[in-house]
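Hi everyone, thanks for coming. I'd like to walk you through one structure today, at an easy pace, so please have the sequence and the picture ready.

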Amino acid sequence: MTKEVFNFCAGPAMLPKPVMQLAQQELVNWNDMGVSVMEISHRSKDYIAVAEQAEKDLRDLMGISDDYSVLFMHGGGRGQFAAVPMNLLTAQQQADYVLTGSWSKSAFTEGQKYGQINLAADTYTNEKGEGSILPFDQWKLSESAEYVHYCPNETVDGIEFNYIPEVDKPLVADMSSCILSQEIDVSKFGVIYAGAQKNIGPSGLAIAIVRKDLIGRANGFTPSIYDYAVQNNSDSMFNTPPTYAWYLAGLVFKWLKSQGGVAAVQKVNEQKAALLYNFIDGNEFYSNKVEKQYRSKMNVPFFLENEALNAKFLAESEQAGLLALKGHRSVGGMRASIYNAMPLEGVEALVAFMQDFAQKNG
Ligand SMILES: *Cc1c(COP(=O)(O)O)cnc(C)c1O
């Protein structure tokens, strides 16, 4: 038995242990077929049952109505940075992008290849020097935008919206790092998309939840695999989908249901985040530089007061079985990603380590 480790990687991130164990157990002999689910046709009745069940479970978990299509696509989160404008925008049309950190910035840059992209709000630091979100009444939304794009949780910066913007255009949200972490009202969105590797499953897979009236508008040059209409009409099987990732996502959805669904994991997520932020705020050795109301419950960047101790902190935390705490290279410091699969005990172990490290080195 290897010692217990807690993996705080931002992505690809840890998956629920029971899911990994079940996948291992049925890896080479799935459904008593003598083969892996990885090795069967995506058009077989057995696989289609897996695919349909995963979609149904996701619809149940998020309360997705029949007004929306749920697409299982290739290309991760960044694939959707291109897919969204290719499907919703012509070269002459406008879209509003709200920037709150590095991922929304990347989506903005990608969007510029395809249409007239307005910077509705730039990244914002408040008067105290904390990472924040430009107040909604200062956003420059344009009359003729086809959609408004934003990122509810900035994985790198640790900034999370505590509200859904009320706009009169289709709202497009990159939920790669917060999907299924808290209850949301899907009916407020035109498109929700997410790369899978934070809260859903293996990387490469992306899920796009698209309001049906927005389907069928893709530019002629749009690759078929990125055309929402093509994927919708072929039940996301226009070409071979990432079948194993889709299967694993399905196991994660089942696990979420067994935990009591999104409302139940949301409670645990709130507990985990409160535990870690309260500890950081109460200890002069550590700091977080995001305005309190916009702190991410999934990604917690923090700094050591004495940055000369960073390497020691990382080496000793890894020794203690607390993995991948190094902050993103653009931000520095540390980052603990505490997605759905991270149990409360993992955050408790992290806080205990941080306390001990501060005592020994303070
Ligand atoms: C990880 C992430 C992405 C990028 O996902 P890829 O699958 O690597 O393309 C995009 N947006 C957000 C918010 C992310 O956290």
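**Around the ligand**

Let's begin with T155, where a polar side-chain atom lies 2.4 Å from an oxygen atom of the ligand. Before I go on, please keep in mind that this is a predicted model.

Two backbone contacts belong in the same picture. For R78, a polar backbone atom is 2.8 Å from an oxygen atom of the ligand. For G77, a backbone N or O atom lies 3.0 Å from an oxygen atom of the ligand. So how much of the ligand's accessible area does the protein cover? On its own the ligand has 380 Å² of accessible area, and the protein covers 87% of that.

Now zoom out to the whole shell. There are 13 residues surrounding the ligand, and the closest are R78, T155, D174, Q197 and K198. Which helix gives the largest share of that shell? That is helix α3, residues 76-88, with four residues. If we sort the shell by class, we get seven polar, three charged and three nonpolar residues. And if you are looking for the site on the surface, the ligand sits in the second largest pocket.

**Backbone oddities**

Next, a little background for the backbone. Most peptide bonds are trans, and most residues other than glycine have a negative phi. With that in mind, let's visit three places.

The peptide bond between G11 and P12 is cis, with omega at about -10 degrees. You can find P12 in the loop between β1 (6-7) and α1 (17-25).

Then there is D235, which is not a glycine and yet has a positive phi of about 50 degrees. Look for D235 in the loop between α5 (228-233) and α6 (243-258). Is D235 buried or exposed? Its relative accessibility is 59%, so D235 counts as exposed.

The third place is A324, again not a glycine, with a positive phi of about 60 degrees. A324 is in the loop between β15 (322-323) and β16 (334-337). Because its relative accessibility is 40%, A324 counts as partly exposed.

While we are in the loop between β15 and β16, please also find V331. The relative accessible area of V331 is 30%, which means that V331 is partly exposed. V331 and L205 are 126 residues apart along the chain, and their C-alpha atoms are separated by 27 Å.

**Some buried residues**

Let's turn to residues that are covered by protein. A residue counts as buried if its relative accessible area is under 20%.

T100 is our opening example, in the loop between β3 (94-98) and α4 (102-111). Why is T100 called buried? Because its relative accessibility is 2%. The side chain of T100 also has a partner: a polar contact of 3.0 Å joins it to the side chain of E154.

S317 sits in helix α8, residues 310-319. With a relative accessible area of 1%, S317 is buried. What lies 2.8 Å from a polar atom of the S317 side chain? The backbone oxygen of F313 does.

One more for this group is S287, in strand β13, residues 286-287. The relative accessible area here is 18%, so S287 still falls under the cut-off and is buried. From S287 to A336 we count 49 residues in sequence, and in space the two are 13 Å apart, C-alpha to C-alpha.

**Sequence and space**

I'll finish with two pairs that let you practise moving between the sequence and the picture.

Start at S203, in the loop between β11 (191-195) and β12 (205-211). S203 counts as partly exposed because its relative accessibility is 43%. Now travel to L344: S203 and L344 are 141 residues apart in sequence, and 24 Å apart in space from C-alpha to C-alpha.

For the other pair, go to A352 in helix α9, residues 344-361. A352 has a relative accessibility of 45%, so A352 counts as partly exposed. How far is A352 from L119 in space? The distance is 43 Å, C-alpha to C-alpha, with their positions 233 residues apart in sequence.

That's my tour. If you want one spot to revisit on your own, try T155, with its polar side-chain atom 2.4 Å from an oxygen atom of the ligand. Thanks for listening!

Methods:
Residues are numbered from 1 along each chain as its sequence is written. This is a predicted model: local features need pLDDT of at least 70, side-chain atom pairs count only at pLDDT 80 or more; totals for chains, interfaces and linings use all residues. Side-chain values use heavy atoms; hydrogens and water are left out. A residue is near a molecule or strand if one of its heavy atoms lies within 4 Å of it. A polar contact is a pair of N or O atoms within 3.5 Å; within protein, one must be able to donate a hydrogen and the other to accept it, and residues adjacent in sequence count only if both atoms are side-chain atoms. Accessible areas come from the Shrake-Rupley method with a 1.4 Å probe; for residues, only the protein chains shown count as cover. On a 1 Å grid over the protein atoms alone, a cavity is a set of points where a 1.4 Å probe fits but cannot get out, and a pocket is an open set with protein on both sides within 12 Å along at least five of seven lines; lining residues have an atom within 4 Å of a point. A molecule sits in a cavity or pocket if more than half of its atoms lie within 2 Å of its grid points. Helices (H or I, at least four residues) and strands (E, at least two) are DSSP runs, numbered from the N terminus. Ala, Val, Leu, Ile, Met, Phe, Trp, Tyr, Cys and Pro count as nonpolar, Asp, Glu, Lys and Arg as charged, and the others, Gly among them, as polar. Buried means under 20% relative accessible area, exposed over 50%, partly exposed in between (1.4 Å probe, protein chains only).
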